Amino acid sequence: MSTAPDPAGSGADPAAAHAGHAPAGTAPATAAPSPTATTPRRPANHVDPEVLDREHRRWTPGRIALWVAIALLGGLGWVMLALVRGETVNGIWFVFAAVCTYVIGYRFYSRYIENRLVRPDDRRATPAEYKADGTDYMPTDRRVLYGHHFAAIAGAGPLVGPVLAAQMGYLPGTIWIIVGVIFAGAVQDYLVLFFSMRRGGRSLGQMAREELGVVGGYAAIVATLAIMVIITAILALVVVNSLAESPWGVFSVGMTIPIALVMGVYLRFVRPGKVLEVSVLGFVLLLAAIVAGGYVGGTAWGVEYLTLSKTTIAWGIIVYGFIAAVLPVWLLLAPRDYLSTFMKVGTIVLLAVGIVVVRPEISVPAVSEFASRSDGPVFSGSLFPFLFVTIACGALSGFHALIASGTTPKMVEKERQTRLIGYGGMCLESFVAIMALVAAVTVDRGIYFAMNAGAGATGGTVEGAAAFVNSLGLTGVSVTPDQLTATAGAVGEHSVVSRTGGASTLAVGMAGIMHNLMPGLNLMSFWYHFAIMFEALFILTAVDAGTRVARFMLQDALGNAVPRFRDSSWRVGVWLTTLVMVAAWGSILLLGVTDPLGGINTFYPLFGIANQLLAAVALAVCLTVAATRSRARYLWIIIVPLAFDVVVTTVGSWQKIFSSTPAIGYWANHVRARDALASGATTFGTAKTPDEIAAVARNTLVQTSLSVLFVVLTLTVVAVAVVRTVRTVLARRAAEAAVGAGVSGEVSAGGASGGGGSTPPSGGAGGSAPVPVAVGHEDPYVESRLYAPAGLIPTPSERALEREWAAYLAAVGVPAGTAAGAGASAGESAGAAAGEGRR
């Protein structure tokens, strides 16, 4: 339960104030009204930190036994995966190792970060409270916001990257996904979310401009915009590859658009506020679309009109991306969020249950032959650094920083909730990546390579694919044309050869596990297309969000020269900036679709490197911010993942730009293709015509140019951040030496201890403790007038305070629970209160 702001003394009618989800009348930081016969005293707006600390440190025998059991089970899982060598490994150990490690990391390491680096203060109002407008800024129940944040960050990366990385074996990817998220990905998401929230919900670009100055700030903005273009394009390319020549998939995924529109209208006009009701309706319609797709795909007209080429599907996604980005959020994006959240969480839980029950035996080697080679058929390059950029999400993702500094910080109720939403949300995405990896390695290796090798290598036929796989010379790996034909028939497709991008491979693996879970129903083809729709919802949600975020960033950048671009109500500006961003990523998408080298095989490494470079930008900004509010001894929490990420991405970029091996180096491939074209050659590797040779030369030049741009801009940002961090640390030490470490340290840390080093007042809005000082570019302190627990499950002290708030709200005539949507007067009241608080 989360409680609404205090109606007493706010000047707002309590019933009106709590009619919606956002607070109807937040007020300036003044003392609570004195209790009277009709107005009881408002409870505290936070639980005393000392009480919470005692609860967390209380180790009962039962709690000790529980954590020992979790540690032992997780340790056993890691031993079975990493040390025990046999013919096969059981898929259940992936689940145990992952879940136990996440739980331990969340309980101990994320709390260490909270106590040492973040130090939230629940006395402070968040932007959702002091800027509440019922539209962008509104306090949202932590459980609802957790689902919203997860739906926004979980795109193609955690699904596709692990599937492609399975080329290296199961162990390297498993270690990076699980260990990487604990020490890198979840840390980035948590810190960006918290720092953005403290700054009124500013975007990553805005924070970079404030913290890094002109050079670093604008380098970060340009890098972020350019990287967003390539990320969105490759996400769309994955959808194209999974739907090409598949009338069943085209129909089922295409139907998600009218289904989302129906849900939007239903929720807006027919049954406002009935989120669960409309979600059930959407889920039923989705299942109907999958079943109907099987029928439509088998009809003559379905085959004729819905068997679409990659280019046709690409243009359709480009048009869709523009329309989806300019339509009102409530009409398409929000309903799709509802759909994707239920589908994502439900499907991953179902897959995890399937793995635990079926316990698939995995014959893929822990570390494959391609881990020490650079000529892999799925992607080229050695394990280091390319495994760490191929698994672009699930372990660390720069794209998440845009979401964590976008909509989410504008909806957080209380500061301590950022740990659950930021760190915990990323752990859930990492689990998605582990499930994707397990599904991929359950697929026969011969079929896996036939599905993920480019059409240039396989010829696009089952005979060519079988010949290619058998020519790899891998021990125990072979495939026949009949096996490939049977696999395609089992999943209701005409062919599974060269379905690059990982989505189709994941769908085959998921379908196999679910079929074995319920073998009597013979639903292999249903589960395959269910998985394709599941992946499409993941990816299209990210395409929607990515296009909107890129448009917001472009509007903000152009607003420096033409202020009107920052006005989101100016439709001309919205349409122009959306058109520019869609044209940018759409052109890259078309290059990938028509690439003779396979598209995804050459563009996906660029996507992975770009995404991790964006993570380096985000971590660099966090380092600069943390240096102004925390002790230098704790900056290693950021420095370690930042340093590793910079090394990985710099080495990867260097190899992709300068390697003399054409399969790896973009420029080497460009020179060879250019020379072949100049010599009058008619074929060049997988390029069979002069036009295709020209396409290879053009695409590799684009890839080289983008690689240089990305790494130069990112290294500029990191260099500026390091310089500013060192200056800040040295200045603090000099100040401490001059006036005494005790006073100076407390003052210079500002709000680092959640309130500028001040002792939290014992009451809610009242108390005589000094007002915390805003640090750096943080928004001024405004005292909170609402309360909500921090975790999914409240602690005893949090439940006790919830009961106090419930009794208080009942006494003043306000229904208990989080209210659901504020009107205009509420936003005006909140804005006035926040303004008064700043004054």
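This report covers a nonpolar surface patch, aromatic pairs, charges over rings and one buried glutamate in a predicted model.

## Nonpolar surface patch

Five residues, W59, I64, V68, L72 and F108, make a nonpolar patch on the surface. Its area is about 470 Å². Helix α3, residues 61-82, gives the most to this patch, contributing three residues.

L72 belongs to helix α3. Its relative accessible area is 61%. The cut-off for exposed is over 50%, so L72 counts as exposed.

## Aromatic pairs

The whole structure holds 26 aromatic pairs. One of them joins F194 and F195. Their ring centres are 6.0 Å apart and their planes stand at 70 degrees, so this pair is edge-to-face. Both partners are buried: F194 has 0% relative accessibility, and F195 has 1%.

F322 and W575 also form an edge-to-face pair. Here the centres are 5.6 Å apart, with 80 degrees between the planes. F322 lies in helix α14 (residues 310-326), while W575 lies in helix α25 (residues 571-593). The pair therefore ties together parts that are 253 residues apart in sequence.

Are F322 and W575 buried or exposed? F322 is buried, at 18% relative accessible area; the cut-off for buried is under 20%. W575 has 45% relative accessibility and counts as partly exposed, because that class runs between the 20% and 50% limits.

## Ring cluster

Which residues do ring pairs link into a cluster? They are Y109, Y112, F183, Y634 and W636.

## Charges over rings

Two charged ends that sit over rings are described here. R63 places its charged end over the ring of W59, 6.0 Å from the ring centre. W59 is also one of the residues of the nonpolar patch.

K656 has its charged end over the ring of Y666. The distance to that ring centre is 4.5 Å.

## A buried glutamate

E415 sits in the loop between α17 (399-404) and α18 (418-441). Is this loop residue buried or exposed? E415 is buried, with a relative accessible area of 2%. That value falls under the 20% cut-off, so the label follows directly.

What does the side chain of E415 reach? Its target is the backbone nitrogen of D121, at 2.7 Å. This distance is within the 3.5 Å limit for a polar contact.

Conventions:
Residues numbered from 1 in each chain as written. Heavy atoms only, no water. Patch = residues over 30% accessible without salt bridge, like charges linked within 9 Å, V, L, I, M, F, W, Y side chains within 5 Å. Areas by Shrake-Rupley, 256 points an atom, 1.4 Å probe, with all protein chains shown as cover. Salt bridge = Lys/Arg side-chain N within 4 Å of Asp/Glu carboxyl O. Helix = DSSP H or I, 4+ residues; strand = E, 2+ residues; numbered from the N terminus. Buried < 20%, exposed > 50% of the residue type's maximum accessible area, 1.4 Å probe, protein only. Phe/Tyr/Trp six-rings, centres within 6.5 Å; stacked < 30°, edge-to-face > 60°. Lys NZ or Arg CZ within 6 Å of the ring centre and 35° of its normal. Polar contact = N/O pair within 3.5 Å; in protein donor to acceptor, adjacent residues only side chain to side chain.
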